[in-house]
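Student: I should like to go through this model by asking what justifies each term applied to it.
Tutor: Then let us set the values against the definitions, one at a time.

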Amino acid sequence: MKFNIQYTIYNILILALLTSCQQQVCNPKEFKTGTFRFEQVVNGKKEITLFTRTENLQIETYHERTDTASVRWVNDYEFILQKLKPRNRAEKKAISMRILSTKGKSYTFEYSFVGESKKQMGTVTKTN
């Protein structure tokens with residue numbers, strides 16, 4: 001068996017390059033409180049929701065209508081939103097939110113009504 005120094009150096013460089021790449025770090029604690037912006041496309045139109053979250057409350061404004069929900073953290077990645085003054089039966093349903101990943105000032109999450117399997121996804125940006 002012949003030792004090939006060029007092949008060995010090449011493999012070491014590739015290994016160093018691969019191990020030096022940083023993995024995406026998920027730090028959901030940075031998003032427990034603050035002011036946020038959520039953009040989504042509804043029926044071909046961009047809709048914007050602005051909200052402020054404290055440890056226990058989330059106050060959001062959508063279409064110039066403000067709602068308040070309680071926030072109950074299950075763990076660092078998951079929380080439950082429950083509207084404090086629901087206007088109809090649909091608003092009485094609690095929403096389960098789970099942070100999937102973070103990047104800079106934004107996080108990607110999935111959400112669904114509690115007890116339902118159909119999940120939707122979105123991305124939120126922290127504005128403060």
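Student: Why is threonine 49 called buried?
Tutor: In this predicted model, threonine 49 has a relative accessible area of 8%. Buried means under 20%, so threonine 49, at 8%, is buried. The residue lies in strand β2, which spans residues 45-53.

Student: Which residues are in contact with threonine 49, leaving aside its neighbours within four places in sequence?
Tutor: They are Phe36, Arg37, Phe38, Glu60, Thr61 and Tyr62. Each counts as a contact because heavy atoms lie within 4.5 Å. As for threonine 66, its C-alpha atom is separated from that of threonine 49 by 9.9 Å, and the two residues are 17 apart along the chain.

Student: What makes serine 106 buried rather than partly exposed?
Tutor: The relative accessible area of serine 106 is 19%. The limit for buried is under 20%, so serine 106 is placed in the buried class. Serine 106 belongs to strand β7. Apart from neighbours within four places in sequence, serine 106 is in contact with Phe31, Ser101, Thr123, Val124 and Thr125.

Student: How many aromatic pairs does the structure hold?
Tutor: There are 7 aromatic pairs.

Student: Why is the pair of phenylalanine 36 and tyrosine 107 called edge-to-face?
Tutor: The ring centres of phenylalanine 36 and tyrosine 107 are 6.2 Å apart and the planes stand at 80°. Centres within 6.5 Å make a pair, and planes over 60 degrees apart make that pair edge-to-face. Both conditions are satisfied, so the pair is edge-to-face. Phenylalanine 36 is in strand β1 (residues 34-42) and tyrosine 107 in strand β7 (residues 106-113), so the pair links distant parts of the chain, 71 residues apart. Both residues are buried.

Student: Which residues do the ring pairs link into a cluster?
Tutor: The cluster comprises Phe31, Phe36, Phe38, Phe51, Tyr107, Phe109 and Tyr111.

Student: How do you know that the charged end of lysine 32 sits over the ring of tryptophan 73?
Tutor: The charged end of lysine 32 is 4.9 Å from the centre of that ring. The distance criterion is within 6 Å, and the charge must also be within 35 degrees of the ring normal. The distance of 4.9 Å meets the first criterion, and the arrangement is classed as a charge over a ring. Lysine 93 is likewise placed over the ring of phenylalanine 113, 5.3 Å from its centre.

Student: What makes arginine 37 and glutamate 39 a salt bridge?
Tutor: Their closest N and O atoms are 2.8 Å apart. A salt bridge calls for a side-chain nitrogen of Lys or Arg within 4 Å of a carboxyl oxygen of Asp or Glu, so the pair qualifies. Arginine 37 is partly exposed at 29% relative accessibility, and glutamate 39 is partly exposed at 36%. The structure holds 11 salt bridges.

Student: Is glutamate 91 buried or exposed?
Tutor: Glutamate 91 is buried, with a relative accessible area of 14%. Its side chain meets that of lysine 83 in a salt bridge, at 3.8 Å from N to O. Lysine 83, at 24% relative accessibility, counts as partly exposed. Both residues belong to a network of salt bridges that links Arg65, Asp67, Lys83, Arg87 and Glu91.

Student: Why does the salt bridge between glutamate 116 and lysine 93 tie together parts of the chain that are 23 residues apart in sequence?
Tutor: The two side chains meet at 3.6 Å, N to O. Glutamate 116 lies in the loop between β7 and β8 (120-126), and lysine 93 in the loop between β5 (78-83) and β6 (95-103), so the bridge joins those two loops. Glutamate 116 is partly exposed at 36% relative accessible area, and lysine 93 is partly exposed at 42%.

Student: Why is leucine 57 called partly exposed?
Tutor: Leucine 57 has a relative accessible area of 33%. Buried is under 20% and exposed is over 50%, so a value of 33% falls in between. Leucine 57 is in strand β3 (residues 57-62) and, with Ile59 and Leu84, makes a nonpolar surface patch of about 240 Å².

Key. Residues are numbered from 1 along each chain as its sequence is written. This is a predicted model: local features need pLDDT of at least 70, side-chain atom pairs count only at pLDDT 80 or more; totals for chains, interfaces and linings use all residues. Side-chain values use heavy atoms; hydrogens and water are left out. Rings of Phe, Tyr and Trp (its six-membered ring) pair if their centres lie within 6.5 Å; planes under 30 degrees apart count as stacked, over 60 as edge-to-face and the rest as tilted. Helices (H or I, at least four residues) and strands (E, at least two) are DSSP runs, numbered from the N terminus. Buried means under 20% relative accessible area, exposed over 50%, partly exposed in between (1.4 Å probe, protein chains only). Patches are made of residues with over 30% relative accessible area and no salt bridge: like charges are joined within 9 Å, nonpolar side chains (Val, Leu, Ile, Met, Phe, Trp, Tyr) within 5 Å. Accessible areas come from the Shrake-Rupley method with a 1.4 Å probe; for residues, only the protein chains shown count as cover.
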